[in-house]
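Some terms used for the empty spaces in a protein have exact meanings. Please consider the structure below with those meanings in mind.

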Amino acid sequence: MPAVAQPQTFTGRLSDSTCGASHQPKASAATQTDRQCLLACIRALAKYVLVDQNGNVIPIANQDAMGLPLYAGRPVKLTGERKGDAIVVTKVEAIPAHLHIGHVMTNWRDTPGGRGFLPVAIDEARVAALHAGLAAKAASLDDIKLHAGHVLHALDPTIERNGPGAGYGVRKAVAGALQHLDFAAKAEGATAGITTNAEPASASLSNVRQWVDEAILVAQRIRGSNDAGQAAGLAADLAAVTRRISDEGLQHAQTAMNLMLKAEGLVGAPR
């Protein structure tokens, strides 16, 4: 019985047979992105190719392989077999570094709406900041405590189950973003564009994690207070720290991640 060939993996960037290793001349002339140029060339009957790390252009034998249009112009990992000078593709997927960037920014399996960790953290933090502000403006102790509970729910629903947040919490979302950002920076295919922007994003998220812990302690002190004056002072502190979470930490992290997406050619790319 003949031996069964083991699948091989190939990494590089998907391009087309017209432009090969560089879309710059055509893309610049037409003010297109590399992806737009590639798809235009495919419509003009060019063929998908893989450009490896050394700039070698490798033909792809089966042009109907699922995933080629989705990942056009992006770094990929192809699974298949080399036959002659071409690759017969059985699977097309994003490189590991880009998968983890996607988990931070666009998709994860257990988040509300299956979105990325960072957008979920930003939305939950807005809820926390809103209700911290309402607590700071409230006239009665009961109302201050009510809104402090809503802040707790948005920050960590394992502490307060009921509230106006999405039920995921800033604390959990930030932990996921930090973990997958670290995975991206250390994964196969991580470029300077990833590692350079991961550093400030990670620093900002680490600050957020610390501020979330501070906000939770303040909100819990409010809930345990029997003095309206004391609770009002704590509510002002809570409003200040939740604003820092939203306006400083998470916004700075989002700016760094958007720079990373741009550096990797992932802005507007389908996932």
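The following questions and answers concern the cavity and the largest pocket of this predicted model.

Q: Why is a space in this structure called a cavity?
A: A cavity is a set of points where a 1.4 Å probe fits but cannot get out. The structure holds 1 cavity of 30 Å³ or more, and the volume of the largest cavity is about 40 Å³.

Q: What makes Val 170 a lining residue of the largest cavity?
A: A lining residue has an atom within 4 Å of a point. Val 170 belongs to the lining of the largest cavity, as do Arg 171, Val 174, Ala 175, Arg 209, Val 212 and Asp 213. Two or more of the lining residues are given by each of α6 (170–186) and α7 (192–223), and the largest share, 4 residues, comes from α6.

Q: How do you know which classes the lining of the largest cavity contains?
A: Val and Ala count as nonpolar, whereas Asp and Arg count as charged. The lining therefore divides into 4 nonpolar, no polar and 3 charged residues.

Q: Why is the other kind of space called a pocket?
A: A pocket is an open set with protein on both sides within 12 Å along at least five of seven lines. The largest pocket holds about 480 Å³ of space. Of its 26 lining residues, the closest to its centre are Arg 13, Gly 73, Pro 75, Glu 264 and Gly 265.

Q: What classes make up the lining of the largest pocket?
A: This lining has 9 nonpolar, 10 polar and 7 charged residues. Gly counts as polar, so Gly 73 and Gly 265 fall in the polar class.

Conventions:
Residues numbered from 1 in each chain as written. Predicted model: local features only at pLDDT ≥ 70, side-chain atom pairs only at ≥ 80, totals over all residues. Heavy atoms only, no water. Points joined across faces, edges and corners; volume = space filled by probe spheres on them.
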